[in-house]
Amino acid sequence: MAESIAATAPPSSALSLPGGTCLRGTVKVPGDKSISHRALLFGAIAEGTTRIEGLLPAEDPLSTAACLRAMGVGVSAIRAGEEVLVQGVGLDGLQEPADLLDCGNSGTTMRLLLGLLAGRLGRHFVLTGDASLRGRPMGRVGTPLAQMGAMIHGRSNGNLAPLAIQGQGLRGTTIRTPVASAQVKSAILLAALSAGGPTTVIEPAQSRDHSERMLGAFGAQLEVGGPGNTVVTLTPGQSLRGQSVIVPGDISSAAFWLVAGAITPGAELTVENVGLNPSRTGILDVLEQMGARITVLNCREVAGEPVGDLQVSHGPLRAFEIGGELIPRLVDEIPVLAVAACCAEGTSRISDAGELRVKETDRLAVMARQLKAMGARIEEFEDGLAISGSTALRGASVDSETDHRVAMSLAVASLVAQGETVLARAEAAAVSYPGFWADLARLGKPT
């Protein structure tokens, strides 16, 4: 395996992935992408210096850093293994940029900046991104921000980038979001920092809560309550203060190794230093439902976030059914869970997952299309999938379709496929996990 997979995927590359491989060893996944974005953004509007250890040095957080630099924030170079320093300019210190703010492929960057910039009174900003991002819906953020008085204009009646923001005085209000989305909630909370009164966000189910945890640590006045912690109220007026942030490993990246270890005969893996925030651990609940052999070791708390090591080994799996309030806790892991379903006994069903159609790609359609090419039996619905298990996958020519989570999910599928899989646009993995192909090469053992 190590000889047949390149250490990195070069631009516009196709990788040859041999089947019949198991995985053994220990791996550390990159820093949590969600926490990395927020550490940069909150550090930028805090007073003083924020020091960040373990920040993910991948394309999406680099886009956030570049946008902040364009608005006068000092952000040190982002390199693997090095501390990142953010010189905060305070809540109202962001400068009007001389050019467009390029968010690259990062929906988190664009959506959170919409909230952050909406209240920068008298300043004008234009957000854009790559072709994929310019096709992704932003009205889900712009609509609730408009309830606070935000002025955002763009293509398709303000739903598509490029998006122009004219900073306004904002009012506090109560907003009920139609879907549980951490990006929508976080954008509203960022806008609420400069609103004229308290703002309350009410979600139908709890989405990941990194923003609430970190804003509180930086000094914001928040209250979290309601059934299932679905009601968040932020009262403006408190200055944020620079902090030291340690970013744990991203459980969304760990998910690829957890599924790979569970489905690959002979596999024994330990994934170290993984963030175990309860709003993110739906993947562990589903793998437990499937009967996967996973043990949580060395539990601890780092900078307010629970962390542990995850040990996984191969064993028989049974089908799962997921939907409802569980979906926001594992929405990014559904592509690789579709791979796990192919190897389980019975038919797995995913519902209430329409959110996947507006990610980097339409992930429901893309995963169905690509796994069918490998022989999977999948039925696609408007909001989910039905996947018949115990299916022998075969090597095939497949395509990430530029989606990082699709690229890595197909790599996991290739491990149990019969014959060679050729993955086009494998470089997409660098969006969240630049070292994925090197780790795969190192951990792979021929069977």
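In this predicted model, Lys185 is in contact, once its neighbours within four places in sequence are left aside, with Val201, Glu203, Ser207, Arg208, Asp209, Glu212 and Val232. Lys185 is found in helix H7, which covers residues 182-192, and with a relative accessible area of 0% it counts as buried, because that value is under 20%. A polar atom of the Lys185 side chain lies 3.2 Å from the backbone oxygen of Arg208, a residue that is also among the contacts listed above. The points below turn to other parts of the chain, grouped by topic.

**A glycine in a loop**

- Gly249 sits in the loop that runs between strand S14 (244-246) and helix H9 (251-263).
- The relative accessible area of Gly249 is 3%, so this residue, being under the 20% cut-off, is classed as buried.
- Apart from neighbours within four places in sequence, the residues in contact with Gly249 are Val29, Pro30, Gly31 and Asp32, together with Asn273, Val274 and Gly275.
- Although Gly249 and Ile35 are 214 residues apart along the chain, their C-alpha atoms are separated by 9.7 Å.

**The sheet that contains S14**

- Strand S14, which precedes the loop holding Gly249, belongs to an open sheet of four strands in the order S4-S5-S3-S14, with mixed pairing.
- In this sheet S4 and S14 are the edge strands, each of them pairing on one side only.
- Strand S3 (residues 49-53) and S14 run parallel and are joined by three bridges, and within S14 it is Ser244 that serves as the bridge partner of Arg51.

**Helix H2 and its surroundings**

- Helix H2, made up of the twelve residues 59-70, reaches 16 Å from its first C-alpha to its last, close to the 16 Å expected at 1.5 Å a residue.
- Asp60, Pro61, Ser63, Thr64, Ala65, Cys67 and Leu68 are the buried residues of H2.
- The elements that cover these buried residues include helix H1 (33-44) and helix H3 (107-118), as well as strand S4 (74-75) and strand S6 (101-102).
- After H2 comes Gly72, which has a positive phi, near 90 degrees.

**Strand S23 and its partners**

- Strand S23 (residues 421-424) has a covered face formed by Thr421 and Leu423, whereas Val422 and Ala424 make up its uncovered face.
- Strand S1 (residues 14-17) pairs with S23 in the antiparallel sense over four bridges, and Ala14 has Ala424 as its bridge partner in S23.
- Strand S22 (residues 397-399) runs parallel to S23 and is joined to it by three bridges, with Ala424 of S23 as the bridge partner of Asp399.
- Between S22 and S23 the chain passes through helix H13 (residues 404-415), and the resulting β-α-β crossover is right-handed.

**Nonpolar cores**

- In soluble globular proteins, nonpolar side chains tend to be buried together.
- The largest nonpolar core here has 77 residues, and those with the most contacts inside it are Trp257, Ile322, Leu371, Met374, Phe436, Trp437 and Leu440.
- Helix H9 supplies the largest share of this core, namely ten residues.
- Another core, of 62 residues, lies apart from that one, and its members include Leu40, Ala118, Leu170 and Leu215.

How values were computed: Residues are numbered from 1 along each chain as its sequence is written. This is a predicted model: local features need pLDDT of at least 70, side-chain atom pairs count only at pLDDT 80 or more; totals for chains, interfaces and linings use all residues. Side-chain values use heavy atoms; hydrogens and water are left out. Helices (H or I, at least four residues) and strands (E, at least two) are DSSP runs, numbered from the N terminus. Buried means under 20% relative accessible area, exposed over 50%, partly exposed in between (1.4 Å probe, protein chains only). Contact means heavy atoms within 4.5 Å. The expected span of a helix is 1.5 Å times one less than its number of residues. Two strands pair if DSSP finds at least two bridges between them. A crossover is right-handed if, with the strands pointing away from the viewer, the path from the first strand over the helix to the second runs clockwise. A polar contact is a pair of N or O atoms within 3.5 Å; within protein, one must be able to donate a hydrogen and the other to accept it, and residues adjacent in sequence count only if both atoms are side-chain atoms. A nonpolar core is a set of buried Ala, Val, Leu, Ile, Met, Phe, Trp, Tyr and Cys residues joined through side-chain atoms within 4.5 Å.
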